[in-house]
Amino acid sequence: MTRPAAARGGSRASADRLARLLNLVPYLLARPGIEVAEAAGDLGVTERQLREDLELLWVCGLPGYGPGDLIDMAFDGDRVTITYDAGIDRPLRLTPDEALALVVALRMLAETPGVANRDAIERALAKIEDAAGDLVGAPVAVRLPGDTRRVEALRAAVEGGRALRITYYTAARDETTERVVDPLRMLMVGGRAYVEAWCRRAEAVRLFRADRIDAITELDEPAVVPPQAVPHDRTEGVFRPSPDLPLITLRIGRGERWITEYYPCERVEAGDGDQWLVSLRVTDLGWARRFVLGLGPDVTVVAPAELAEQVRGAASAALDAYAVPAPVTRLPGGEGASGAPSGDPAVAGRTQ
């Protein structure tokens, strides 16, 4: 399954520009005082694009990035001359540590779900390993966290265009369901692997976290993706708040302010003292109840009243459970589970 055309086009344009920038400095060094129009024609870009490239090149250079480190150039009318090249004219020489770091990074990239062109990564990796020789001969194995076999099975289904039957745990509703899905793509968000697919049960595009898929069966039928099944933009994260989702408002203390950075909030206002009023969208009130209960005592539900009642009920039930003495199991020989004799006053007191 390929990525949308817009995404492929953006990635290709970025790669082309990077290659052009890397060639631009030696090209200009060999042609001091060349006219911008002539250079644009040689490079196959417009004058406007070339000037934008030169502006970007102006803020590139060596670490430190002071006036003596950045690439510098001089303009004389429509002519440009490189006056300081920041060493880009020299061939790249990698230290053993740099070569090993590149190899590890490329191996990790090759293992990452959602990578569009793994063949290109493998070719680049082979070239670096061949050039570095024994410098990167150390046994380094790179694996992403999580169930590698599950991720590989999902990736194979995406690449092979096969439908899947999955058993999936939905944390927001605390339930496990069986679904038939038509995979669209694999992707990595926040360090976790996901498969985005058309869910026949929901009749919509859904995102499934790989480590919450309990079972996978590849069906003997191709994936059938309807025209309306369009992958969502996940650049801002997995959760996408929308006006139709429940809005909750919490009063939080200083220790819980981290949630305003971790979760997308619609409103954050300063309250009395160190308290803040925070409003955010949630998938459902069941998830919100578990979320609030896990935050601690310095949180108060302001709205909706239904959520406040659910939290109050769950907290009361938990306290009631602690108030009931646990039964003592009798063991052979007249001893309790604690190992104390049955006549021990402490054991007798717990069983009354």
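User: In this predicted model, what is the order of the strands in the open sheet of three strands?
Analyst: The model is a predicted one. The three strands of this open sheet pair in the antiparallel sense. Their order is β1-β3-β2.

User: Which are the edge strands of that sheet?
Analyst: An edge strand here pairs on one side only. That holds for the strand of residues 34–35 and for the strand of residues 72–76. The edge strands are β1 and β2.

User: How many bridges join β2 to β3?
Analyst: Strand β3 covers residues 79–84, and β2 runs antiparallel to it. One of the bridges pairs D72 with Y84 of β3, and another pairs F75 with V80. The number of bridges joining β2 to β3 is five.

User: Which residue of β3 is the bridge partner of I34?
Analyst: β1 and β3 are antiparallel and pair over two bridges. V80 of β3 is the bridge partner of F75. The partner of I34 in β3 is likewise V80.

User: Which residue in the turn between β2 and β3 has a positive phi?
Analyst: β2 and β3 form a hairpin, with two residues between the strands. The phi in question is about 70 degrees. The residue is G77.

User: At what angle do helix α2 and helix α3 pack?
Analyst: Helix α2 spans residues 36–43 and helix α3 spans residues 47–57. Their axes lie 9 Å apart. Angles of 65 to 115 degrees count as roughly perpendicular, so α2 is roughly perpendicular to α3. The angle is about 100 degrees.

User: How many residues of the contact of α2 with α3 are nonpolar?
Analyst: From α2, the contact is made by V36, A37, A39, A40 and L43. From α3, it is made by E47, L50 and R51. Two residues of the contact are charged and no residue is polar. The nonpolar residues number six.

User: What is the order of the strands in the open sheet of four strands?
Analyst: The pairing in this sheet is antiparallel. Its edge strands, each pairing on one side only, are β10 (265–270) and β12 (299–303). From one strand to the next, the twist averages 20 degrees. The order is β10-β11-β9-β12.

User: Which helix packs on this sheet, touching β9 and β12?
Analyst: β9, made of residues 247–252, is joined to β12 by four bridges, and the two run antiparallel. In one bridge, T249 has A303 of β12 as its partner. The helix that touches both strands spans residues 285–293, and its direction makes about 10 degrees with that of β9. The helix is α8.

User: Which residue of β11 stands opposite V268?
Analyst: β11 pairs with β9 over six bridges and with β10 over five bridges, both in the antiparallel sense. L250 has V278 of β11 as its bridge partner. V268 also stands opposite a residue of β11, and that residue is V278.

User: Which residue in the turn between β10 and β11 has a positive phi?
Analyst: β10 and β11 form a hairpin that has five residues between the strands. The positive phi in the turn is about 60 degrees. The residue is G273.

User: How far apart in space are V180 and R201, C-alpha to C-alpha?
Analyst: V180 is part of strand β5, residues 175–189. Leaving out residues up to four places away in sequence, V180 touches several residues, including W198, C199, R200 and R201. V180 and R201 are 21 residues apart in sequence. In space, the C-alpha to C-alpha distance is 7.0 Å.

User: Is T170 buried or exposed?
Analyst: T170 is found in strand β4, residues 162–170. Beyond residues up to four places away in sequence, T170 touches E175 and R179. Buried means under 20% relative accessible area. T170 has a relative accessible area of 12%, so T170 is buried.

User: What share of the residues in the protein chain is buried?
Analyst: The protein chain has ten helices and twelve strands. Its accessible surface comes to about 21200 Å², and 53% of this belongs to carbon and sulfur atoms. Of the 352 residues in the chain, the buried share is 31%.

Conventions
Residues are numbered from 1 along each chain as its sequence is written. This is a predicted model: local features need pLDDT of at least 70, side-chain atom pairs count only at pLDDT 80 or more; totals for chains, interfaces and linings use all residues. Side-chain values use heavy atoms; hydrogens and water are left out. Axes are lines fitted to C-alpha atoms, for helices over the stretch in contact, and angles run from 0 to 180 degrees between N-to-C directions. Angles under 35 degrees count as roughly parallel, over 145 as roughly antiparallel, 65 to 115 as roughly perpendicular and the rest as oblique. Contact means heavy atoms within 4.5 Å. Ala, Val, Leu, Ile, Met, Phe, Trp, Tyr, Cys and Pro count as nonpolar, Asp, Glu, Lys and Arg as charged, and the others, Gly among them, as polar. Buried means under 20% relative accessible area, exposed over 50%, partly exposed in between (1.4 Å probe, protein chains only). Accessible areas come from the Shrake-Rupley method with a 1.4 Å probe; for residues, only the protein chains shown count as cover. Two strands pair if DSSP finds at least two bridges between them.
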